[in-house]
Amino acid sequence: MQQLNLNGLRLGVSSAATQIEGGDVDHSWAEWARRGHIRDGASPARANDHYRRFPEDASLMQSLGIRHYRLGVEWARIEPEPGRFDEAAIEHYRAELSDLRARGIEPLVTLHHFTNPMWFERMGAFERAENLPHFLRFAEHVVRAFGDLAAEYITINEPNVYAANGYFFGLWPPGVSSLRRTLRVMSVLTAAHLSCYGMIHRVRAELRLTGTKVAFANHLRVFAPEREASPLHRAFASIADRFFQGSLSVAMTTGRVAFPLRRIARLPAGRYCDFHAVNYYTRSTVSGLADGVRAGAPVNDLGWEIYPAGIVQCAARMHALCPLPIYITENGVCDNQDAYRCRYIYEHLKALLESGLPVERYYHWCFTDNFEWAEGESARFGLVHVDYDTQARTVKRSGRFFAAMIAAGGVDAALYDAYVKPCTYPTNGGGR
Ligand code: FCB
């Protein structure tokens with residue numbers, strides 16, 4: 001059956017400060033771009049000019065019926081020097097949060113989404129446990145200042161992606177390639193999240209604010225052996241899983257820190273998330289140390305496999321670890337022509353809705369096309385098209401589909417035929 005009933009699942013959209021705001025800010029990604037590491041030469045200084053255009057973007061969101069928005073704050077704007085807070089930046093975000101609320105859009109605020117102020121980067125960022133108080137001081141300042149404007153927080157976005165891309169593959173700042181240092185960063189980030197979780201609850205309780213919900217955004221993928229029958233492939237898949245996401249998921253959710261991570265903070269085992277925040281995009285096919293993509297598999301424009309069943313496998317695994325409500329805090333597709341995004345959304349939602357898991361929210365990545373890290377402006381994930389030269393926003397077909405689903409509470413046969421049926425995925429011709 002093609003119809004889909006959302007059954008109360010709330011649909012929203014997701015973003016990150018560095019990817020949309022624009023402006024000349026002294027942070028690790030501005031520096032990385034200056035050093036020529038962005039594929040198309042783009043810079044986060046341009047992005048979507050959202051810092052100035054936030055009311056326009058919020059108004060567009062509202063016009064599509066979107067009521068949930070995950071947004072980030074830029075640490076380097078808020079704390080341009082260690083211990084010096086820029087109250088104008090805080091006021092800016094307070095104005096943005098008030099504007100969203102006035103439009104009936106509920107914010108979920110990410111405190112750290114890949115980007116560090118350069119002063120923090122230069123002191124070794126999350127490689128050094130001694131630096132943790134800086135992050136916690138920033139986080140506390142923000143949480144106090146936002147007060148009742150934001151009750152729900154993501155402490156850290158995708159600690160595994162931040163650590164792996166920056167310290168193992170060397171593709172992101174600071175461009176290091178060392179397994180030892182990658183694991184160190186993951187361990188320190190675990191301590192950062194565990195401490196931040198406690199701090200947010202403590203501070204908000206002290207301020208007598210209710211409705212507090214905190215989690216870290218967990219990037220999960222499926223690691224599948226290329227040949228199920230091969231013990232070697234199975235072993236590599238399970239090692240990749242443990243090192244990239246398995247240990248980290250357990251440590252950050254329960255405080256139980258095990259190999260290959262190391263305990264940094266002396267915090268008791270317990271529960272360190274109020275919901276599971278799952279970011280899901282793809283499956284990796286493993287036959288050795290590097291991961292690949294199954295031959296003939298449907299793929300997106302970046303060559304990532306499109307594998308809707310995986311979103312359920314990843315969410316189910318977190319639910320088995322600890323039964324909590326599930327928010328999909330990112331799921332989306334690089335589809336530069338918007339040729340198959342509707343099908344991608346439909347199939348992932350369908351898998352979730354049929355899973356029986358307590359999935360309460362689904363935040364699509366992302367609202368507008370934006371600065372996609374090392375891919376720059378060349379990879380489009382948005383429901384809304386951005387012309388970077390003019391900053392004109394145009395709602396895509398997939399954006400209209402998303403709005404229609406929200407309005408109808410699901411997908412009926414007519415919506416399916418109009419938006420989903422015509423879409424076909426590209427397939428992985430070469431590769432493994
Ligand atoms: C996730 C990131 C997000 C965006 C998407 C495509 O890993 O959290 O910022 O880049 O991938």
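**Entry 1: the loop between H8 and H9**

I began with Pro174, which I located in the loop between H8 and H9 of this predicted model. I then looked up the bond that leads into Pro174: the peptide bond from Pro173 to Pro174 is cis, with omega near 5 degrees. Leu171 also lies between these helices, H8 covering 159–168 and H9 covering 179–206. I noted that Leu171 belongs to a nonpolar surface patch together with Phe168, Phe169 and Leu179. I recorded about 390 Å² of accessible area for these four residues together.

**Entry 2: a cis bond at Pro260**

I next turned to Phe259 and Pro260, which are joined by a cis peptide bond with omega of about 5 degrees. I placed Pro260 in the loop that runs between helix H10 (231–254) and strand E7 (276–286). For context, I noted that most peptide bonds are trans.

**Entry 3: positive phi angles**

I then looked up backbone angles, bearing in mind that most residues other than glycine have a negative phi. Ala125 is not a glycine, yet I found a positive phi of about 45 degrees there. Ala125 sits in the loop between helix H6 (118–122) and helix H7 (132–146). Is Ala125 buried or exposed? I entered Ala125 as buried, because its relative accessible area is 1% and the cut-off for buried is under 20%.

Arg208, likewise not a glycine, has a positive phi of about 55 degrees. I traced Arg208 to the loop between H9 and strand E6 (213–225). I entered Arg208 as exposed, because its relative accessibility is 74% and exposed means over 50%.

Key
Residues numbered from 1 in each chain as written. Predicted model: local features only at pLDDT ≥ 70, side-chain atom pairs only at ≥ 80, totals over all residues. Heavy atoms only, no water. Patch = residues over 30% accessible without salt bridge, like charges linked within 9 Å, V, L, I, M, F, W, Y side chains within 5 Å. Areas by Shrake-Rupley, 256 points an atom, 1.4 Å probe, with all protein chains shown as cover. Salt bridge = Lys/Arg side-chain N within 4 Å of Asp/Glu carboxyl O. Helix = DSSP H or I, 4+ residues; strand = E, 2+ residues; numbered from the N terminus. Buried < 20%, exposed > 50% of the residue type's maximum accessible area, 1.4 Å probe, protein only.
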